[in-house]
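Visitor: I would like a close look at a single part of this protein. Could you take me through the nonpolar core and what surrounds it?

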Amino acid sequence: MPAQKSSEEAQPTQPCVICREPIVVGAKKCVHCSSFQNRTIDNLTTWSSILAAPLALLPLVGIAAALWALTPAASKGKIEMQLISCRRDTVQAAFINSGRSPAMVTGSLFEVVRDGKVQTAGYETRADAPSVKVINPNEEASTVNYKPYVGNTPDVFIPANSAVKACIFRFTANWMDFEGTKDSIVGECQCPG
């Protein structure tokens, strides 16, 4: 009587699409390397892993942003200035702090520039507010008027009869924050006619 073959030997085999070991024809998964034999499922599994990796990093990006906000560089002050008006007897400037900690305007320099050359001035420019002004973040703009003085007498930046052709007012404000960061801001406007 002929010997019976086991059911395992009786089934036809084919090589695994990944490891090339023999597996039963029609098997969905290899018993040797556990890879799916249907390439669509195998590709779907691979691509879902590849796409999930960047999504897994999103919480780390959020944590990094939160930690950056705590660093000293992120907590510094930053004063910005806009010249509001330029008249012969007054320059009005607005200051805001777009940083994250208080900062202060520590000084200023006013210059009249004609035809590209800085003109020497016989006056001192003074602020109508305290010379050092602390500006906190998220506050409304702080407006300061600067006026020329000769001694204790108010004067004008340019005389009324002066030619103002190719003339600009250049105003430089110095500021610093409480971390020791120092910087200057320059604003210019056309000389008043």
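**The nonpolar core and a strand that contributes to it**

Guide: Please keep in mind that this is a predicted model. Let us begin with isoleucine 84, which, leaving out residues up to four places away in sequence, touches Gln92, Ala93, Ala94 and Thr143. Isoleucine 84 belongs to strand β3, which covers residues 79–86, and its C-alpha atom is separated by 10.0 Å from that of glycine 187, a residue 103 places away along the chain. With a relative accessible area of 48%, isoleucine 84 counts as partly exposed, because the term buried is kept for values under 20% and exposed for values over 50%.

Strand β3 is also among the elements that give two or more residues to the largest nonpolar core. That core has 25 residues, and those with the most contacts inside it are Phe95 and Phe169. Besides β3, the elements giving two or more residues to this core are β4 (91–97), β5 (103–114), β9 (142–150), β11 (167–177) and β12 (182–190), and the largest share, five residues, comes from β11. Phenylalanine 95, when neighbours within four places in sequence are set aside, is in contact with Ile79, Glu80, Met81, Val105, Ile135, Ala141, Ser142, Val144, Tyr146, Phe171 and Ala173.

Nonpolar residues also appear on the surface, where Trp47, Ile50 and Leu51 form a patch with about 340 Å² of accessible area together. Tryptophan 47 lies in helix α2, residues 39–70, and is classed as exposed because its relative accessible area, 51%, is over 50%.

How values were computed
Residues numbered from 1 in each chain as written. Predicted model: local features only at pLDDT ≥ 70, side-chain atom pairs only at ≥ 80, totals over all residues. Heavy atoms only, no water. Helix = DSSP H or I, 4+ residues; strand = E, 2+ residues; numbered from the N terminus. Buried < 20%, exposed > 50% of the residue type's maximum accessible area, 1.4 Å probe, protein only. Contact = heavy atoms within 4.5 Å. Patch = residues over 30% accessible without salt bridge, like charges linked within 9 Å, V, L, I, M, F, W, Y side chains within 5 Å. Areas by Shrake-Rupley, 256 points an atom, 1.4 Å probe, with all protein chains shown as cover. Salt bridge = Lys/Arg side-chain N within 4 Å of Asp/Glu carboxyl O. Core = buried A, V, L, I, M, F, W, Y, C linked by side-chain atoms within 4.5 Å.
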